[in-house]
Amino acid sequence: MWTRRKFLRRAGQSALAVAGAATAAVGYGLYEAAHVRVDRRVVPVPNLPPAFAGVTVGVLADLHYGPWVSLDFVRAVVRQANALEPDLFALVGDYGHRGTHAAEEIPPCLGELSALRAPLGVFAVPGNHDMGQGGKVYREAVASTSLTDLTNRNEPVSRGADKLWLAGVDDLWWGKPDQTAALRGVPDGAAVVLLSHNPDFAELKPNPRVGLVLSGHMHGGQVYLGESGTRWLPSRYGAKYLRGLVAGPASAVFVSRGLGEAGVPLRVNAPPEINVLTLVPA
């Protein structure tokens, strides 16, 4: 027979169990968020010239330097990324966390990322969290670094007589992405890798001239509990661009899980990652 005392004792035990489970889940989420993994992929690129077969691209996304991500973490990421020795780096946005604190967050993060070293260069575009003051802080900060900004423009990299064209666009949500400007002057039939923070750009602005799009933004769901669970999915297309290599309507899209966090300082089943992509002819 249930008495009031038994009921309260059982309720108290249940509450403690729930609190313990919640504490454990938070602890694991903090642990996962702090441990960066290296994800290596072989990625086909149409029209890739022979000299670029096997070239490696280090992709860094979504550092979100700010209240939950320290400069020490950013420095550690830079050291780990440099040790991987890719041929070039692609930085695909969200360097700061809060648009209202852009002047405090974006310049220090980009300053640390300037220590990245790769023989073919280090290239960057902004993300939606970098759009404080209409992106002015990002533009001024990146211009003061050694990073090559690809916002609505392109830059070829060469190996002998062969070229790979790197292009980029402004943020889809809060910037002014201009793919026409980004591809201006790129020869027909060239191998093109486009940097776009938000993978939805590849869906909304498909372009067969682009062989590969590099993106972040999705955080791999950040707290990912499976197809029926709660996910962090800032996309019009649900989980399509959750992570990894995805077939877009005109181009393949590689989506990094990124490195920092938004909303909560936790990651579950979506560990932070540095990506190393080995490009091969499609």
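Begin by selecting strand 4 (122-124) together with strand 5 (148-149), which in this predicted model pair in the parallel sense over two bridges. To see one of the pairs of residues involved, pick Phe 123, whose bridge partner in strand 5 is Thr 148.

Now widen the selection to the sheet that holds these two strands, an open sheet of six strands in the order 1-12-2-3-4-5, with mixed pairing. At its edges you will find strand 1 (37-45) and strand 5 (148-149), each of which pairs on one side only.

From strand 4, follow the chain into the loop that leads to helix 4 (136-143), and stop at His 129, which lies in that loop. A polar atom of the His 129 side chain lies 2.5 Å from the backbone oxygen of His 97, a distance that can be displayed directly between the two residues. If neighbours within four places in sequence are left aside, the residues in contact with His 129 are His 64, Asp 94, Gly 96, His 97, Gly 99 and Ile 106, so selecting them with His 129 shows its surroundings beyond the local chain.

Next, move to the other sheet.

Here six strands form an open sheet in the order 6-7-8-9-11-10, and the pairing is again of the mixed kind. Strand 6 (153-159) and strand 10 (244-247) stand at the edges with a single partner strand each, so that one side of each has no neighbour in the sheet. Looking across the sheet, the twist from one strand to the next averages 25 degrees.

Select strand 11 (residues 252-255), which pairs with strand 10 in the antiparallel sense over four bridges; the two strands form a hairpin, with four residues between them. Within this hairpin, Val 246 stands opposite Val 253 of strand 11, while Ala 247 has Ala 252 of strand 11 as its bridge partner.

On the side of strand 9 (residues 212-215), strand 11 pairs in the parallel sense, also over four bridges. Val 253 is worth keeping highlighted here, since this residue of strand 11 is the bridge partner of Val 213 and also stands opposite Val 246.Keep Val 213 selected for the last stop, as Val 213 is among the residues that line the largest cavity. How many cavities of 30 Å³ or more does the structure hold? The structure holds one, and about 40 Å³ of space lies in the largest cavity. To display the lining of the largest cavity, add Gln 179, Leu 194, Phe 201, Ala 202, Lys 205, Pro 206, Asn 207, Val 210 and Ser 251 to Val 213. Coloured by residue class, this lining divides into six nonpolar residues, three polar and one charged.

Definitions and conventions
Residues are numbered from 1 along each chain as its sequence is written. This is a predicted model: local features need pLDDT of at least 70, side-chain atom pairs count only at pLDDT 80 or more; totals for chains, interfaces and linings use all residues. Side-chain values use heavy atoms; hydrogens and water are left out. Two strands pair if DSSP finds at least two bridges between them. Axes are lines fitted to C-alpha atoms, for helices over the stretch in contact, and angles run from 0 to 180 degrees between N-to-C directions. A polar contact is a pair of N or O atoms within 3.5 Å; within protein, one must be able to donate a hydrogen and the other to accept it, and residues adjacent in sequence count only if both atoms are side-chain atoms. Contact means heavy atoms within 4.5 Å. On a 1 Å grid over the protein atoms alone, a cavity is a set of points where a 1.4 Å probe fits but cannot get out, and a pocket is an open set with protein on both sides within 12 Å along at least five of seven lines; lining residues have an atom within 4 Å of a point. Grid points are joined across faces, edges and corners, and a volume is the space filled by probe spheres set on the points. Ala, Val, Leu, Ile, Met, Phe, Trp, Tyr, Cys and Pro count as nonpolar, Asp, Glu, Lys and Arg as charged, and the others, Gly among them, as polar.
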